[in-house]
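Work through the exercises below with the sequence and the structure in view, and try each task yourself before you read its solution.

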Amino acid sequence: MATITYIDAIAQAMWQEMERDPRVFLLGEDIGTYGGAFKATKGFIQHFGEQRVVDTPISEAAIIGAAVGAAVVGMRPIAEMQFADFVTCGFNQLVTNAAKIHYRWKLPVPMVVRLPSGGYIHGGPYHSANPEAWFLHAPGLKMVAPATAYDAKGLMTAAIRDENPVIFLEYKYLYRRIKGDVPEDLYEVPIGKGEVRRDGTDVTVISYGSTVHFALEAASRLALEEGIETRVVDLRSLVPLDVGLILDSVKATGKVLIVHEANLTGGVGAEISALIASNAFAFLDAPVMRLAGLDTPVPFAPTLEEYVLPNTEKIAQAIRTLARY
Amino acid sequence: MARIEVVMPQMGESIAEGTIVKWHKSVGEAIGKDEVLLEISTDKVDSEIPSPSSGILAEIVVEEQQTVAVRTVIAYIESDATASAPAPAATPPRPAQEPEPRVSQPVQGGDRFYSPLVLTIARAEGVSIAELEGVPGTGEGGRVSKKDILVYVAGRKGGTSAAAPPAPAAAGQAKQGSSNFEVVQMSNVMQKMAHHMVHSVHTSPHVAAVHEVDMTDVAKHRESHAAAFERAEGFKLTFMPYVVEAVVRAIKKYPLINSSVEGDKIIRKNFINIGIAVASDNGLIVPVVKHAEEKNFVGLARAVNDVAVRTRAKKLTPDDIQGGTFTISNFGVFGTLIGTPIIHQPQVAILGTGAITKRPVVINDAIAIRSMAYFTMSFDHRVVDGALGGMFLAEVVGILEHPEGRL
């Protein structure tokens, strides 16, 4: 077991799956000779060749469309969006073709679309998107959002092997900021299963992606300084949601805070809130609360970005409010 | 024939249990509807309870001198009304679940909010809404949280009255087994008082104004009329009717003092019910003199005496302690010179009367010995500002300093 970064864990899964399965191949902008905007595919073209590491024109519709076509004839493409923001150019290929083909023709569409997501990197309005809510609303797609290096490798492996189109949200903020123990061998983290990162009795925080780390930091600070015990749930998958774990967590604490970086309105948090209200009303000891990005594009200026996105202090304050309730 | 449950009634919003003083009927005896069936004593009052139905007293479940939670079944009456429902004799009593006989008053939910979880736990543990009212809340605004109800339930299961563990914060200090701390369960009256006081301070921005009042003439007036008054009316003349009368007259001049606040509306009352705060063995009780605006001085004196006597004899009814529009707290009886009383919600002002003591006072540039007292009024600055508060208090003082013509 080696300690590697989050981005290396993603690269390792892709590399080992390509070694194992000749149907797996990559396509995207600047992923070959350049090694990818974030160097996730550095060295791949030299090892696997141009046939399996395809540099494409700057057209997300073409990248996703080609991946859909390859998948239905038996290949297992991994398409990279250079930034999650640009997936909108390929939106129709994803939600109309990739998502619906199985329903219409009963064909499996085993493909992965990688979305380098999120802010905290001073990327501004066109390079900081968290577009998961759009895809949460498109039946036929699966979607995962790893927060650790271990999950990044295990979920990438599971996504490649899945017979459905899987959107793989990977967090630029976490790429080289976090490391973790990752087994050398391939393994799968099951899609649709969340994980309790920290147990607690007072308040549950439900999150995914970068904000899991802020939630954990807030939780340990509050436990140490104020005696508030917070349970932190890392969803890991957004489609399908781990409904059982969500409801169990409501029952464990009676108070729930949902945290995500994507903006508030119509977000994943809204869906989870509704799930809880419908299925665990009698276990609520406080209103379900959400802490999310403000309903605005992510600004460039670091101070404004800080203002718009959730952080440790804002999460701690929300937990405090709930604990006091 | 139908078998009707008789339950321990709820005799006021803070009452959680009652003691059966005396059964007026024995088993097998016939009883008419509304005829007195039993006498009970609760935290605040003793009451005679009428029968909810005519019929035969079939069974007494709770004997005299036993104390049970409100809504507990205490007896069964075989009613002579025709009913097809089978007798529920075999079912165990289920507080707060069965359809209520008329003897029981509806549970008052109060203004407390309970979360779905707290209600779920309460139902699972058989804690009635009335009982919930008495559970101390440590959440925001005194809300009962999950922890609070779990602590309460655990304490109840422990069996002894002092077994309810203290709130988590206090538990941190009070080490178990340490003789430096003693955990004492608050009585229901005390819990209600605590809840009410915190609620009042949270609700009203309190402002206090102090005036000095020369009680010499009132003292003389009382002294000269005391003997004749007692002969004519059959009870002693005290200072309190003078104060009540002055307050009533001042309210008539400044009626905003006699109001309450609901949202952005002021509710001005066209009647004046004066509450008089009284310390009792059970805690603070505020019996109310109703419709004081309709009474003359003797009528007020009689009404004040009446509630005082019945408070001491524990014969107050629930109605006697409700509906006040203004309150007077005579902390002077303890020698207190000046105090700042807390408003009795939803009223907007309360008058505190200090001890009457002889002091040197300057009158017309000469020093005289006069019977002086400090009167404090706390008022809710949402509706009563310093000008109104001051004018009202000056009016009360002015009336008191000219007692002639009362009798």
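A residue is called buried if 20 or more other C-beta atoms lie within 10 Å of its own, and exposed if 12 or fewer do. By this rule, 54% of the 325 residues of chain A count as buried. Please keep in mind throughout that the model is predicted.

**Exercise 1. Compare the two chains**

Task: Find what share of the residues is buried in chain B, and describe the secondary structure of each chain.

Solution: Begin with burial, where the value for chain B is 34% of its 407 residues, while the value for chain A is 54% of 325 residues. Next, list the elements: chain A has twelve helices and 14 strands, and chain B has nine helices and 18 strands. Finally, turn to the contacts between residues at least 6 apart in sequence, of which 79% in chain A join residues at least 24 apart; in chain B, residues 24 or more positions apart account for 64% of the contacts with a separation of 6 or more.

**Exercise 2. Follow one strand of chain A**

Task: Decide how many residues of strand E2(A), residues 24-28, are buried, and state which strands pair with E2(A).

Solution: First look at burial, and you will find that five of the five residues of E2(A) are buried. In a regular strand, the side chains alternate between the two faces of the sheet. Val24(A), Leu26(A) and Gly28(A) lie on one side of E2(A), with Phe25(A) and Leu27(A) on the other, and both faces are covered. Now consider the partners: E2(A) is joined by five bridges to strand E4(A), residues 76-80, in a parallel arrangement, and by three bridges to strand E3(A), residues 53-55, also in the parallel sense. Leu26(A) shows both pairings, since this residue stands opposite Ile78(A) in E4(A) and has Val53(A) as its bridge partner in E3(A).

**Exercise 3. Describe a helix packing**

Task: Give the angle at which helices H9(A) and H10(A) pack, and say whether their crossing is left-handed or right-handed.

Solution: Helix H9(A) covers residues 243-253 and helix H10(A) covers residues 268-279; they pack at an angle of about 65°, with their axes 10 Å apart. The crossing is right-handed. The contact is made by Val243(A), Ile246(A), Leu247(A) and Val250(A) from H9(A), together with Ile272(A), Leu275(A), Ile276(A) and Asn279(A) from H10(A). Sorted by character, these residues are seven nonpolar, one polar and no charged.

**Exercise 4. Classify a loop residue**

Task: Explain why Pro240(A) counts as exposed.

Solution: Start with the position of Pro240(A), which is in the loop between strand E12(A), residues 237-239, and helix H9(A). Then take the neighbour count: Pro240(A) has 11 C-beta neighbours inside 10 Å, and therefore this residue counts as exposed. As a last step, note that its C-alpha atom is separated by 8.6 Å from that of Val144(A), although the two residues are 96 residues apart along the chain.

**Exercise 5. Read two sheets of chain B**

Task: Write down the strand order of two open sheets in chain B, and name the edge strands of each.

Solution: One sheet has four strands in the order E5-E4-E2-E7, with antiparallel pairing. Its edge strands are E5(B), residues 46-50, and E7(B), residues 67-69, each of which pairs on one side only. Inside this sheet, five bridges join E2(B) to E4(B), and Gly18(B) has Thr42(B) as its bridge partner in E4(B). The other sheet has four strands in the order E1-E8-E6-E3, and its pairing is likewise antiparallel. Here the edge strands are E1(B), residues 2-7, and E3(B), residues 30-31. Two bridges join E3(B) to E6(B), where Ala30(B) stands opposite Ile56(B).

**Exercise 6. Judge the confidence and find the chain contact**

Task: State the average pLDDT of chain B, and determine how many residues each chain brings to the contact between the chains.

Solution: Chain B averages a pLDDT of 83, and 85% of its residues score at least 70. The pLDDT stays under 50 over residues 82-109 of chain B, and is also below 50 over residues 160-177 of chain B. For the model, the scores are ipTM 0.70 and pTM 0.54. The contact takes ten residues from chain B and nine residues from chain A. On the side of chain B, helix H1(B), residues 116-125, gives the most, with four residues. This side divides into three nonpolar, four polar and three charged residues.

Methods:
Residues numbered from 1 in each chain as written. Chains lettered and ligands numbered in written order. Predicted model: local features only at pLDDT ≥ 70, side-chain atom pairs only at ≥ 80, totals over all residues. Pairing = 2+ DSSP bridges. Axes fitted to C-alpha atoms, helices over the stretch in contact; angles between N-to-C directions. Left-handed = near helix turned anticlockwise from the far one by under 90°. Contact = placed C-beta atoms within 7 Å. Nonpolar A, V, L, I, M, F, W, Y, C, P; charged D, E, K, R; others polar. pLDDT = per-residue confidence, 0-100.
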